[in-house]
Amino acid sequence: MKYQSIAPDFAVAGQITPSDIPAIKDAGFKTVICNRPDGEEAGQPTAETIGEAVRAAGLTFIAIPMAAGVPPTSDVVIETQEVLNTLPGPYFAYCRSGNRAAQAWMQATQG
């Protein structure tokens, strides 16, 4: 699993699997954010499947799905701001490639 740090406490990645959770935990992340809608691609793990593995590892999980190819909606931006203000960091966010997760973070932190 590869990920990119876009801030000292925020990293993004493409789709993860439950087997990636131990490495995410070992890297020090406390909250995992899913920005990928379920069913976007055949065979992708659901947010619930990832969430169960994340919670079993003692981390926090939240799903804030956003559509591909469009900027984050105001709801996505507000939800991301709430996560950053209330849930423990550092944060690990994923989608299909990491781009949507990075866009959501950028809009939430820089307006």
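Which residue in strand 4 is the bridge partner of Ile 33? In this predicted model, the partner is Ile 62, and the views below place that pair in its surroundings.

**View 1. Strand 3 and strand 4 run parallel.** Strand 3, which covers residues 31–34, is joined to strand 4 by 4 bridges, and the pairing of Ile 33 with Ile 62 lies between these two strands.

**View 2. An open sheet is formed by 5 strands.** The strands follow the order 1-2-5-3-4, with mixed pairing. Strand 1 (3–7) and strand 4 (60–63) are at the edges and have a single partner strand each, so one side of each lacks a neighbour in the sheet. On average, and with direction ignored, neighbouring strands of this sheet are turned by 25° against each other.

**View 3. Helix 2 and helix 4 lie across strands of the sheet.** Helix 2 (residues 47–56) lies across strand 3, strand 4 and strand 5 (91–94), and runs at about 165° to strand 4. Helix 4 (residues 99–110) lies across strand 1, strand 2 (10–13) and strand 5, and its angle to strand 2 is about 150°.

**View 4. The largest nonpolar core has 17 residues.** Among the residues with the most contacts inside this core are Ile 21, Val 32, Phe 61 and Phe 92. Strand 2, helix 1 (21–26), strand 3, helix 2 and strand 5 are the elements that each give two or more residues to it, and helix 2 gives the most, with 4 residues. Leaving aside residues up to four places away in sequence, Ile 21 touches Ile 16, Ile 50, Ala 53, Val 54 and Ala 57. A second, separate core of 15 residues includes Ile 64, Val 83, Ala 93 and Ala 102.

Conventions
Residues numbered from 1 in each chain as written. Predicted model: local features only at pLDDT ≥ 70, side-chain atom pairs only at ≥ 80, totals over all residues. Heavy atoms only, no water. Pairing = 2+ DSSP bridges. Axes fitted to C-alpha atoms, helices over the stretch in contact; angles between N-to-C directions. Contact = heavy atoms within 4.5 Å. Core = buried A, V, L, I, M, F, W, Y, C linked by side-chain atoms within 4.5 Å. Buried < 20%, exposed > 50% of the residue type's maximum accessible area, 1.4 Å probe, protein only.
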